[in-house]
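Thanks for making the time, everyone. I would like to walk you through one structure, moving from a single side-chain pair outward to the sheets and a helix.

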Amino acid sequence: MGGIVIVGAGQAAASMAAKLRALKYDGAITVIGAEPIQPYQRPPLSKAYLLGEMELERLTLRAPDWWQENDITLRLGTSVTAIDTEAQTVTLSDGETLDYVELALCTGATPRRLPAAIGGDLGNVFTVRNLADVDRMQPHFTPGKRLVVVGGGYIGLEAAAVARKLGLEVTLVEAAPRILGRVACKETADAIRTLHRERGVEILEGVGLTRLTGEETVTGAILEDGHELPADFAIVGIGITPDEEVAREAGIHCENGIAADAQGRTSAPHIWAAGDCASFPGAEGRIRLESVGNAIDMGELVAANMLGAERAYTPKPWFWSDQFDAKLQIAGLNAGYDQVVSRRDDGSSFWYFRAGRLIAVDAINDARAYMVGKRLIEAGKPVTPETVETTAELKALMK
């Protein structure tokens, strides 16, 4: 049999493979990745790498020799086209079939694209997900060019910030009433909007895109209010969807991604899931987290459980976003919040409460607020909105 096969070559897959070796697993490990390069970090793509501040060599998660030294086989530029759950085999895009004792699906997610009918397939219309995406768009980031960003989430805002720093004319279009509508409170959105507008980004909210214009290459955008924007290129940041196709075709249960139990097992024997593609049971129902922290922690947990640990996954969510000179750090999950408390300390922070319980913190240029908030949330330490608002020194909240 073929040992452990990991489908996908992102953060979850790399963390899982490393953990298996750290736990003294001495069987075969094969990591299958569709991209032709070794596993690398994705978050810097829309930030430092796009700005030209980080070289490709610094993106990779491990030194080139590490994989060979740890006897881990990388099958790059290859994808899995089918899984036979009874025979315990996977079929690769080159036609080869591999056996597995345990199979881990770390397939990640794919960016949503605009429909072709409204210009989504025009040239110079980009999404931001992998290295090839950024390499294709990077030559367009030259001073004076006109960029239209569709979508006011973190990816769109990060791309807008990079473009403006490099001297481009940038307009960001968000169909919802405000930017960050699904992921952050109004107070955080207000601070980020101000940050961008002060630096010359035009932000249009509450207006949808009718279509992108152009014959072969995008030349502009027509908005629902009739407004027309010129564009040399466009970036679409309207979310991602979990890559569950090969799992679904194999008869594996999918629900908001590849459905895993608390230990990372899927509905098929000997098949596990971790990272952006995987959903798992949470306190408020099945959840799926799109973050580096989740990919690392879940990947390592699944590695341990493959070897018999039998541990349930308890996520400790954290995220970050770099825009201009602002570092936004987020701890916890803000779903269902009913109150937000704002503080001004080193920077700004916004504390989310649900039924009087602290559930999340957004901190902008305030590492202390982020760390205190994260520790309070993870410890389940009771703290009231009034205490957060009135305590002079944040560290006093930990007592």
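Let me begin with a question: which side chain meets that of Arg-343 in a salt bridge? Before I answer, please keep in mind that this is a predicted model. The partner is Asp-345, and the N to O distance in this salt bridge is 2.8 Å. The two ends of the pair sit in unlike surroundings as far as accessibility goes, in that Arg-343 has a relative accessible area of 7% and is buried, whereas Asp-345, at 31%, counts as partly exposed. Arg-343 also has a place in the strand pairing, for it stands opposite Ser-349 in strand 25. Strand 24, which covers residues 339-344, pairs with strand 25, residues 348-354, in the antiparallel sense over 6 bridges, and the two form a hairpin that has 3 residues between its strands.

Staying with charged side chains for a moment, the count of salt bridges comes to 20. One of them joins Glu-158 and Lys-47, with 3.5 Å from N to O. Glu-158 belongs to helix 6, residues 154-165, while Lys-47 is in the loop between strand 2 and helix 2, so this pair ties together parts that lie 111 residues apart in sequence. Is each of these two side chains buried or exposed? Glu-158 is buried, at a relative accessible area of 3%, and Lys-47, at 10%, counts as buried as well, because the cut-off is under 20%.

Another salt bridge, between Arg-193 and Asp-190, has an N to O distance of 2.9 Å. Here the two residues are 3 apart within helix 7, which means that about one helical turn separates them. Arg-193 counts as buried at 13% relative accessibility, and Asp-190, at 23%, counts as partly exposed. This pair is part of a network of salt bridges that links Lys-186, Asp-190, Arg-193, Arg-197 and Glu-205.

Helix 7, which spans residues 186-198, also holds His-196, and His-196 is buried at 0% relative accessibility. If we leave aside neighbours within four places in sequence, the contacts of His-196 are with Leu-157, Ala-160, Ala-161, Val-201, Ile-203, Gln-323 and Phe-324.

Now to the sheets. An open sheet of 5 strands, with parallel pairing, has the order 3-2-1-7-19. Strand 3, residues 72-76, and strand 19 are at its edges with a single partner strand each, so one side of each has no neighbour in the sheet. On average, and with direction ignored, neighbouring strands in this sheet are turned by 20 degrees against each other. Within the sheet, strand 1 and strand 7 run parallel and are joined by 4 bridges, and Ile-4 stands opposite Glu-102 in strand 7. Helix 9 packs on this sheet, where it touches strand 1, strand 7 and strand 19, and its direction makes about 160 degrees with that of strand 19.

Helix 9 deserves a closer look. Its 15 residues, 292-306, reach 21 Å from the first C-alpha to the last, close to the 21 Å expected at 1.5 Å a residue. Why can we call this helix largely enclosed by the rest of the structure? The reason is that 12 of its 15 residues are buried, among them Val-292, Met-298, Leu-301, Val-302 and Met-306. The cover over the buried residues includes strand 1, helix 1, strand 7, strand 19, strand 20 and strand 22. At the start of the helix, a side-chain oxygen of Ser-291 comes to within 3.1 Å of the backbone nitrogen of Asn-294, and after the helix comes Gly-308, which has a positive phi near 105 degrees.

Strand 20, which I named as part of that cover, leads to one last sheet. This is an open sheet of 3 strands in the order 18-20-21, and its pairing is mixed. Strand 18, residues 258-259, and strand 21, residues 285-287, stand at the edges with a single partner strand each, so one side of each is left without a neighbour in the sheet. Strand 20, residues 278-282, pairs with strand 21 in the antiparallel sense over 3 bridges, and there Pro-281 stands opposite Arg-286 in strand 21.

That is where I will stop, and I am glad to take comments.

Methods
Residues are numbered from 1 along each chain as its sequence is written. This is a predicted model: local features need pLDDT of at least 70, side-chain atom pairs count only at pLDDT 80 or more; totals for chains, interfaces and linings use all residues. Side-chain values use heavy atoms; hydrogens and water are left out. Two strands pair if DSSP finds at least two bridges between them. The expected span of a helix is 1.5 Å times one less than its number of residues. Buried means under 20% relative accessible area, exposed over 50%, partly exposed in between (1.4 Å probe, protein chains only). Contact means heavy atoms within 4.5 Å. A polar contact is a pair of N or O atoms within 3.5 Å; within protein, one must be able to donate a hydrogen and the other to accept it, and residues adjacent in sequence count only if both atoms are side-chain atoms. Axes are lines fitted to C-alpha atoms, for helices over the stretch in contact, and angles run from 0 to 180 degrees between N-to-C directions. A salt bridge is a side-chain nitrogen of Lys or Arg within 4 Å of a carboxyl oxygen of Asp or Glu.
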